[in-house]
Every structure is written in structure tokens, then in C-alpha cells.
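Hi,

Here is the structure I promised to pass on. Have a look at it first, and then read my notes below.

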There are 2 protein chains.
Amino acid sequence: MPVQKVTKVEVVKQALFLFKKQGYHRTSMSDLAVACGLLKGSFYHYFSSKDALMLEVLETVHQYFATRVFSIAYDETFPPRERLEKMIAKQIYVAASTEGGCLMGNMAIETALVTQEFLPKMREFFEEYLRALAHLYSSKFEPTIAQKLAEQAIVEYEGAWIMVKLTQNNQFLHDVHQHALERFDA
Amino acid sequence: MPVQKVTKVEVVKQALFLFKKQGYHRTSMSDLAVACGLLKGSFYHYFSSKDALMLEVLETVHQYFATRVFSIAYDETFPPRERLEKMIAKQIYVAASTEGGCLMGNMAIETALVTQEFLPKMREFFEEYLRALAHLYSSKFEPTIAQKLAEQAIVEYEGAWIMVKLTQNNQFLHDVHQHALERFDA
DNA sequence: GTCTATAAAACGATAGAC
DNA sequence: GTCTATCGTTTTATAGAC
């Protein structure tokens with residue numbers, strides 16, 4: 001059958017969904033194939049390996065956040081504080097739209113000390129995230145201070161997801177959002 | 001005469017070491033057996049399953065922190081701020097003594113949405129952690145404020161480990177320590 | 001006939017359990 | 001050590017679109 005049952009984009013989307021919820025090692029090629037309506041053998045016409053698929057997922061997530069979330073920080077049609085508010089709201093909204101929180105944070109915890117393969121893409125993501133927040137904070141603070149405030153916001157954001165997973169209480173995300181703004185107003 | 005090659009305590013210790021570094025799903029029973037100098041078969045003399053072993057590890061970690069770390073919060077031979085300083089220093093020191101950061105945070109990310117088996121023990125740990133910090137902050141702040149400050153400290157602590165894993169820069173832990181004290185002094 | 005996305009089967013390796 | 005199941009991966013064959 002030369003008619004594709006799913007597109008490559010759809011495969012990446014399903015993989016993101018499963019990797020976020022179940023993690024990398026717990027998600028099997030069979031899980032991924034079934035989610036796409038394929039047999040696991042057929043799956044290799046889309047990706048050469050599980051690693052390659054994960055790299056593509058990480059790249060896709062990075063691109064999405066760069067163009068749709070982090071970009072808000074540089075949109076000069078709004079004042080910095082409003083950009084900060086929009087960007088954080090979007091970040092939380094996007095991550096919370098499917099189960100599992102932040103894929104980048106999850107993969108950092110699960111794979112950083114086991115393989116170096118995913119590290120570069122994860123680091124790029126967080127560097128860009130950091131740059132966006134620091135850019136906003138630097139409209140009111142010294143560069144070194146702005147950098148620290150940005151780091152603090154990211155650290156809080158990632159930590160909040162751990163507590164949300166444990167307690168199933170989204171309040172932690174709201175608090176993080178609030179703190180990021182209070183940090184700006186201080 | 002069948003002589004135990006290693007004690008149960010030693011097995012738990014090795015399991016903690018590997019689970020922290022490699023995660024639950026990535027660590028095999030073979031890995032664990034080798035680390036203990038046992039054959040795979042001998043391993044089930046100590047634990048009935050991988051799950052049961054993880055539960056024992058979580059319980060051991062909980063007990064250790066309850067008696068050696070969280071207890072500092074209630075030691076009235078020191079003033080609250082000093083207790084806070086000691087407790088956070090100890091928390092970081094203990095977690096940083098072996099690779100992998102905070103087992104409880106790691107397992108929350110890796111398993112919370114896959115199995116409910118480990119949730120109760122992880123929740124107990126964080127409740128006790130929260131109680132200890134809130135107790136200290138409540139020496140200066142209203143209970144509801146103290147609770148929020150405690151939550152913030154834990155969220156930051158867990159998030160910091162993600163950034164440490166990514167950047168291999170322990171500065172994030174130092175900053176968390178500092179913020180926890182600044183929060184007290186505010 | 002050729003191309004290609006699929007199903008089907010099977011590979012070696014390794015998982016957890018006994 | 002041995003078991004069975006399943007892992008990630010590869011191979012083979014088939015079926016439909018050009």
C-alpha cells in the first residue's frame with residue numbers, strides 16, 4: 001500500500017505525547033507504532049531508530065517553542081512586562097495541554113547521566129529559554145541580575161512540574177507564573 | 001553453610017546509587033546484581049521483585065531524611081534561621097554525595113504517570129519535607145505564608161537539579177540555598 | 001514494471017522472574 | 001543458569017499507486 005497511513009508530523013506528535021507521559025525508556029517502539037496505527041516493523045520507514053525519533057521530537061519541540069513562545073519576548077509591539085506575562089502564560093498552557101509536563105525537563109532527568117546523545121538539543125532549548133527571559137528582565141535590571149532572575153524563573157518552572165505530578169495540583173504552576181511577574185516588579 | 005555475600009542494607013544502598021544515576025526503567029536487575037557482586041538468581045533472595053526493591057529504597061531514603069535532615073528543623077538547640085541553614089546545607093550535601101540528584105524528584109518525573117505504586121511514599125517524603133520547612137518559616141511568618149515559602153523552596157530545589165544535570169554547574173544549588181535564606185530574612 | 005508504505009515474520013539481545 | 005516475554009531492529013513479501 002503506497003498510501004501513507006500517517007504523516008511524519010503525526011508520528012512525531014504521537015511520540016511527543018507518549019515520551020512526555022511515559023518517559024523514553026518506558027515507551028516501546030510497539031507503543032509508538034500502535035499509537036500511529038502501525039506495526040512496529042513498519043515504523044522504521046519513518047525513523048531509523050528510537051534515538052533518531054527522540055532527536056526529531058526534541059528538535060520539533062525546540063522549534064515550536066522558539067517560534068511560538070520564546071519569540072514573544074522579542075515582540076516589541078508590547079511592553080516588556082506584558083511580554084513576560086504572555087510568554088509565561090503560553091509556556092504553561094502549551095506544556096499543560098498534554099500530560100507529562102515539560103519534555104525537556106523530563107528527558108534531562110531521565111537521560112542526562114545515561115547518554116550524551118540528547119544533551120546538546122536540551123541545552124540549546126534551555127539556553128534559548130534563558131535568553132528570552134533574561135532579555136525581558138534586562139529591560140529593568142542589570143544584565144547579571146537579569147540573568148539570575150531568568151535562571152530562577154526556569155528553575156521554579158521545572159521544579160513546579162515535579163510537584164504538579166506528585167500532587168496533581170496545578171496551583172504550583174500558577175504560583176510560578178505569579179513569582180515571575182513579582183520578580184519583574186520588585 | 002550459606003553465608004550472605006552482602007547485607008540487605010548494602011543491596012539497598014547499591015540500588016539507590018543506580019536508580020539515582022540511571023533511573024528506574026533503565027536500571028536492570030542484572031545491573032543491580034553485578035553492583036552487589038551477586039548472580040542474578042541470588043538477588044531474589046533479598047527482594048521479591050524490582051518494584052519491591054524500589055519501594056524499599058524509597059522507604060530507606062525517606063527514613064534517612066526524616067531522621068537526619070528534616071529533624072534539624074525541630075532541633076531547638078539552634079535558632080530557626082540557623083536550623084534552616086543547616087537543614088538546606090545537609091539536604092544538598094546528602095543529595096550531591098552521589099550522582100543523580102534527588103531520587104524522589106527523579107522518580108516522580110519518571111513514574112508518576114506510569115504507575116501509582118510509588119506515589120504514596122514519594123508524597124509522604126515531600127509532605128514531611130514541606131512540613132519541616134514550613135515549621136521554620138512559621139517562626140517569622142503567618143502559617144499560610146510560611147507554607148508558600150516552604151513550597152517555593154522545594155520547587156526551587158527540585159528545579160535546580162534539572163539545571164545541574166544539564167549544565168553540570170552546581171551554582172544552581174548554591175543559589176537555591178541562598179534564596180531559601182533570603183526568603184527567611186525578607 | 002517500478003516504487004514504496006505497509007504487514008508479517010524473525011533476528012539477537014536482554015528484560016524480569018525463578 | 002534457565003525460563004519466557006519483550007525489547008529494538010532487520011528482513012521479506014505483498015499490495016496499491018504511478
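**The DNA-binding stretch**

In chain A, the C-alpha atoms at the two ends of residues 28-47 are 14 Å apart, and the span is 35% helix and 0% strand. Helices (H or I, at least four residues) and strands (E, at least two) are DSSP runs, numbered from the N terminus. UniProt, in an unreviewed entry, labels residues 28-47 of chain A "DNA-binding region"; its positions are given in the numbering used here, feature names are shortened, and annotations may be inferred rather than shown by experiment.

Some ground rules: this is a predicted model, where local features need pLDDT of at least 70 and side-chain atom pairs count only at pLDDT 80 or more, while totals for chains, interfaces and linings use all residues. Residues are numbered from 1 along each chain as its sequence is written, chains are lettered from A and ligands numbered from 1 in the order in which they are written, and side-chain values use heavy atoms, leaving out hydrogens and water.

**Around DNA strand C**

How many residues surround DNA strand C? There are 22, and the closest are Lys5(A), His45(A), Tyr46(A), Met29(B) and Lys50(B) (near means a heavy atom within 4 Å). Of the strand C atoms within 4 Å of the protein, 61% belong to sugar or phosphate and the rest to bases.

Now for some polar contacts (pairs of N or O atoms within 3.5 Å; within protein, one must be able to donate a hydrogen and the other to accept it, and residues adjacent in sequence count only if both atoms are side-chain atoms). Tyr46(A) has a polar side-chain atom 2.6 Å from a phosphate oxygen of strand C, and for a side-chain N or O atom of Lys50(B) the distance to a phosphate oxygen is 2.5 Å. Lys40(B) instead places a polar side-chain atom 3.1 Å from a base oxygen.

**The two chains**

Chain A has eight helices and zero strands. A turn of 180° with a shift of 0.0 Å along the axis lays chain A on chain B with an RMSD of 0.2 Å (superposed by least squares on the C-alpha atoms of residues with pLDDT of at least 70 in both). That is how a two-fold axis relates copies. In chain A, Gly159(A) comes closest to the rotation axis, its C-alpha lying 1.9 Å away.

Happy browsing!
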